[in-house]
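Reader: Got a minute to go through this structure with me? I'd like to start with the empty space inside.

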Amino acid sequence: IPVQPFDLIIFGGTGDLARRKILPALFRRYCAGQMEGEARVIGAARAEMSDAEYRSFAREAITEFGAYAACDAEHLDAFLTLLSYITLDARGDAGWATLAAALEGSARIRAFYFSVGPGLFGDLAARIEAHGLAAPGTRVVVEKPFGRDLASARSLNAALARHFDETQIYRIDHYLGKETVQNLMAIRFGNTLFEPLWNSQYVDHIQITVAEAGGVGSRGEYYDKSGAMRDMMQNHLMQLLCLTAMEPPAKYDPDAVRDEKLKVIRALDPGQPGDIVRGQYEAAGKGAGSQPGYLEEVGNPESTTESFVALKARIGNWRWAGTPFYLRTGKRLRARASEIAIVFKDAPHSIFGADAGQHRNILTIRLQPNEGIELGVTIKEPGPGGMRLVDVPLDMTFSEALGPEAEDVPDAYERLIMDVIRGDQTLFMRGDEVEAAWEWTDPIIEAWESAGTAPCAYATGSSGPDDALALIHRDGRRWREIR
Ligand code: NAD
């Protein structure tokens with residue numbers, strides 16, 4: 001369904017995120033017929049650039065990152081005519097009058113995308129207001145990181161709230177734009193099959209893994225000030241935990257969903273020191289093909305920042321008391337693989353005897369690679385060899401079930417940017433949610449910062465440090481393989 005005509009102003013329109021994600025996402029939506037010809041996209045950043053130069057910047061970005069084959073050259077030329085560029089300083093007066101003139105008289109939906117560091121959010125918000133560029137229906141989109149602790153998140157929220165209402169603010173967590181993450185809600189609340197079992201009576205435990213195979217790469221300087229807990233756990237894994245654990249909202253509407261997620265964060269028990277393991281990857285190999293260790297890659301031999309974190313979280317409410325959530329995320333692990341696994345309890349009594357083996361049902365929601373959902377079901381091993389049990393997957397890989405069209409899974413940014421234009425905040429984080437997540441995260445980080453302990457070393461290509469294995473082994477459970 002096409003969205004209404006809009007003006008999208010991308011502050012930081014020449015940056016890495018605009019190049020890799022925002023511009024390619026807009027182009028793909030244009031090809032899908034979702035953007036009417038009247039849409040306008042205005043890049044605004046510090047660099048001096050003409051409209052023509054910005055269009056060629058966008059052409060290169062889309063050619064490199066935009067799944068260009070999905071669309072022909074004619075589409076690209078037509079799309080580029082929607083783009084223009086304004087040189088502008090978030091901290092000064094340069095460019096604002098030009099932007100105001102460009103927007104003057106436009107009745108289109110207006111959205112400002114703050115694709116700049118959070119240090120500029122307050123400046124941008126203030127100047128948008130000072131130049132009279134915002135109306136009640138205007139939206140602002142802000143990127144992560146939304147603060148580095150509770151105090152900084154509060155001050156960002158306050159800086160935005162001085163100029164915009166909460167209903168105008170779209171805080172991006174691109175994990176929420178992933179097709180399978182939305183499917184998690186469809187699976188839970190669109191079927192009668194799972195929800196009755198979705199509690200501590202039937203679920204033994206839940207594992208959430210976001211594993212990356214790459215290291216910090218060129219983000220070393222930023223990453224070393226942040227670490228896995230701030231960069232991934234506080235936001236992405238916490239959001240996945242909330243959607244997995246929340247109560248059914250009364251309806252699929254932004255505040256109903258976000259109220260339920262907030263209740264989950266508020267019900268989280270404070271982390272116990274023994275329930276958290278931090279790790280840092282070591283160098284791998286020698287000579288050609290060797291890979292630097294974390295310390296070398298970030299250029300800081302003294303760094304105690306973690307590139308891996310695993311923890312056991314407990315939710316103190318009736319549904320989940322007694323069912324732990326094991327969460328882990330890290331870099332330079334065995335594979336790039338992300339999933340949520342709901343591990344159900346053993347059958348209360350085996351009628352088949354010890355030889356048949358003990359089996360468990362596991363529902364796996366795969367975020368990457370190959371987005372899809374798999375349910376492990378126990379059946380009889382075929383053949384005359386007696387009653388032996390085996391696990392077989394009921395695999396719901398989208399492309400197989402829904403045909404080739406489903407194979408072209410839209411990027412999270414495509415979905416999220418269109419939601420901004422539609423005015424749907426369901427898949428964006430509310431200010432109080434972000435603050436609650438920091439409130440839970442801060443004491444954990446403070447505890448290890450004041451203890452001054454170094455993270456455990458782990459080998460590149462492994463599943464993380466041995467202590468992380470021990471974290472779950474001591475409960476008589478084991479991590480699922482990263483593959
Ligand atoms: P970047 O450094 O590549 O680009 C920054 C942009 O901001 C440039 O266009 C620059 O001209 C502009 N800018 C800087 N100071 C300015 C000023 N005073 N006035 C006007 N424009 C100014 O950064 P990026 O990687 O594109 O990241 C942008 C935001 O998105 C950051 O908050 C980052 O944390 C977040 N983010 C980036 C990625 C990514 O993959 N790059 C992923 C998630 C979140």
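Reader: Which residues lie nearest the centre of the largest cavity?

Author: Bear in mind that this is a predicted model. Phe 146, Gln 234, Asn 235, Met 429 and Val 434 lie nearest the centre. They belong to a lining of 20 residues.

Reader: How much space lies in the largest cavity?

Author: About 140 Å³.

Reader: Which helices each supply at least two residues of its lining?

Author: α9, residues 227–245, and α14, residues 431–451. The largest share comes from α9, with five residues.

Reader: And how do the lining residues divide into nonpolar, polar and charged?

Author: Ten are nonpolar, five are polar and five are charged.

Reader: How many cavities of 30 Å³ or more does the count come to?

Author: Two. The second largest holds about 30 Å³ of space.

Reader: Which residues line the second largest cavity?

Author: Asp 269, Pro 270, Gly 271, Gln 272 and Asp 275 are among them, and so are Lys 312, Ala 313, Arg 314 and Trp 440. That lining splits into three nonpolar, two polar and four charged residues.

Reader: Switching to charges. How many salt bridges does the count come to?

Author: 39 salt bridges. One of them joins Arg 154 to Glu 435, with the closest N and O atoms 3.6 Å apart.

Reader: Where do Arg 154 and Glu 435 sit in the chain?

Author: In distant parts of it. Arg 154 is in helix α6, residues 150–161, and Glu 435 is in helix α14. The two are 281 residues apart. Helix α14 also supplies at least two residues of the largest cavity's lining.

Reader: Now the sheet. In what order do the strands come?

Author: β3-β2-β1-β4-β5-β6. Those six strands form an open sheet with parallel pairing.

Reader: Why is one side of β3 and of β6 left without a neighbour in the sheet?

Author: Because β3 (83–87) and β6 (169–171) stand at the edges, and each has a single partner strand. As for twist, neighbouring strands are turned by 20 degrees against each other on average, direction ignored.

Reader: How many bridges join β1 to β2?

Author: Five. β1 covers residues 6–11, β2 covers residues 40–45, and the two run parallel. One bridge pairs Leu 8 with Val 41 in β2.

Reader: Last one. Which strands does helix α2 lie across?

Author: β2 and β3. Helix α2, residues 51–65, runs at about 120 degrees to β3.

Note on methods. Residues numbered from 1 in each chain as written. Predicted model: local features only at pLDDT ≥ 70, side-chain atom pairs only at ≥ 80, totals over all residues. Heavy atoms only, no water. Pairing = 2+ DSSP bridges. Helix = DSSP H or I, 4+ residues; strand = E, 2+ residues; numbered from the N terminus. Axes fitted to C-alpha atoms, helices over the stretch in contact; angles between N-to-C directions. Contact = heavy atoms within 4.5 Å. 1 Å grid on protein atoms, 1.4 Å probe; cavity = no way out; pocket = protein on both sides within 12 Å on 5 of 7 lines; lining within 4 Å. Points joined across faces, edges and corners; volume = space filled by probe spheres on them. Nonpolar A, V, L, I, M, F, W, Y, C, P; charged D, E, K, R; others polar. Salt bridge = Lys/Arg side-chain N within 4 Å of Asp/Glu carboxyl O.
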